[in-house]
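Reader: I'd like a close look at one helix here, and then at how other parts of the fold pack. Could you walk me through it?

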Amino acid sequence: MQAWHVHENGEPGEVMRLAEAGRPTPGDGQVLVRVRAANVNFPDALLCRGQYQIRPPLPFTPGVEICGETEDGRRVIGNPALPYGGFAEYAVADAAALLPAPESLDDAEAAALHIGYQTGWFGLHRRAALQAGETLLVHAAAGGVGSAAVQLGKAAGATVIGVVGGAQKAAVARQLGCDTVIDRRAEDVVAAVKEATGGRGADVIYDPVGGDAYSQSAKTVAFEGRIVVVGFASGTIPSPALNHALVKNYSVLGLHWGLYNTKNPKLVQHCHDQLTDLAARGAIKPLVSERVPLDEAATAVQKVADGRSTGRIAVVMEEAR
């Protein structure tokens with residue numbers, strides 16, 4: 001089979017190499033999965049750089065989110081078990097963690113319904129308890145993680161403000177359903193949020209960016225608001241001023257979705273059921289902006305690493321294209 005390998009850490013476009021390899025052998029409790037589509041996630045870039053919280057032994061195959069087919073013919077989605085990631089014709093996955101692929105979505109869309117949407121659902125509903133009628137602010141609203149949060153917020157009955165970087169991404173955010181779109185490159189985010197909310201601020205803020213985005217969040221969160229911290233795509237980890245949270249009476253909530261797979265896996269299944277139902281009703285639909293063949297995976301990961309993508313880029317195998 002063909003598989004991308006990382007033999008040393010560095011930028012994805014420089015360290016990912018496509019090569020012929022033998023099919024991986026599943027361990028205890030694992031299954032072999034023929035990959036139909038693998039979505040590119042920011043953690044793939046971090047894995048290549050050696051900056052992710054999980055550091056598989058070199059060499060490894062990146063690709064943390066797939067839709068595939070098991071040997072008994074089931075179409076499934078899930079996270080491959082590294083070092084045998086999804087940017088290959090075959091991957092290995094823990095059998096207990098695989099979920100049925102929604103029939104209403106194609107392979108690329110089904111793969112994209114996992115990490116970003118699970119993170120969004122847990123962040124907005126489990127952690128922040130988003131209510132219909134509240135205002136949700138989403139940073140990086142046109143990205144893979146942000147676009148999922150936008151759709152889930154609209155499905156929950158919230159008014160959604162999307163913050164993006166650039167006119168192209170602003171157009172994508174509008175198409176996703178944002179009620180207000182703020183281009184951080186052309187507008188003062190804090191002033192624009194206050195204007196859109198009549199000075200009140202946002203009830204829930206979804207932040208996969210960190211850095212300046214978090215500083216803006218602290219200035220625009222409403223009374224009894226909730227800031228959900230889900231990542232640091234900016235590369236800068238903020239240091240919240242807890243006295244500020246006290247004075248303004250808001251909460252800062254952390255979310256590491258992967259922990260639920262070991263701490264409370266039944267909730268992951270429940271979330272998947274909810275997402276499958278929303279997809280079947282057309283309330284959510286993953287934004288797959290590009291579909292590329294396996295031999296373009298390294299370029300796709302680099303594009304995501306550089307912040308030049310919208311939605312999800314899917315690596316689609318030839319048989320499934």
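Author: Sure, let's start with helix H12, where Ala 297, Ala 298, Ala 300, Val 301, Gln 302, Val 304 and Ala 305 are buried. Keep in mind that we're looking at a predicted model. H12 spans residues 297-305, and with 7 of its 9 residues buried, the helix is mostly covered. What do those buried residues pack against? On the strand side, their partners are E1 (2-6), E2 (16-20), E14 (288-292) and E15 (312-316), and two helices join in, H1 (12-15) and H2 (42-49). Following H12 comes Gly 307, which has a positive phi near 75°.

For a second covered helix, go to H4, residues 115-127. There, 10 of the 13 residues are buried, among them Tyr 117, Trp 121, Phe 122 and Leu 124. H4 is followed by Ala 129, another residue with positive phi, near 50°.

H4 also takes us to a sheet: the helix lies across strands E8, E11 (202-207), E12 (221-229) and E13, and runs at about 150° to E11. Helix H8 (212-220) packs on the sheet too, touching E8, E11, E12 and E13, with its direction at about 155° to that of E12.

The sheet itself is open and made of 6 strands, in the order E10-E9-E8-E11-E12-E13, with parallel pairing. E10 (180-183) and E13 (251-254) are the edge strands; each has a single partner, so one side of each has no neighbour in the sheet. On average, neighbouring strands are turned by 20° against each other, if you ignore direction. To zoom in on one pair, E8 (135-139) and E9 (159-164) run parallel over 5 bridges, and His 139 stands opposite Val 163 of E9.

One more spot is handy if you like looking at individual contacts. Thr 197 sits in the loop between helix H7 (189-196) and E11. Is Thr 197 buried or exposed? Its relative accessibility is 16%, so Thr 197 counts as buried, the cut-off being under 20%. A polar atom of the Thr 197 side chain lies 2.9 Å from the backbone nitrogen of Gly 201. Leaving aside residues up to four places away in sequence, Thr 197 touches Thr 135, Ile 161 and Ala 202.

Note on methods. Residues numbered from 1 in each chain as written. Predicted model: local features only at pLDDT ≥ 70, side-chain atom pairs only at ≥ 80, totals over all residues. Heavy atoms only, no water. Pairing = 2+ DSSP bridges. Helix = DSSP H or I, 4+ residues; strand = E, 2+ residues; numbered from the N terminus. Axes fitted to C-alpha atoms, helices over the stretch in contact; angles between N-to-C directions. Contact = heavy atoms within 4.5 Å. Buried < 20%, exposed > 50% of the residue type's maximum accessible area, 1.4 Å probe, protein only. Polar contact = N/O pair within 3.5 Å; in protein donor to acceptor, adjacent residues only side chain to side chain.
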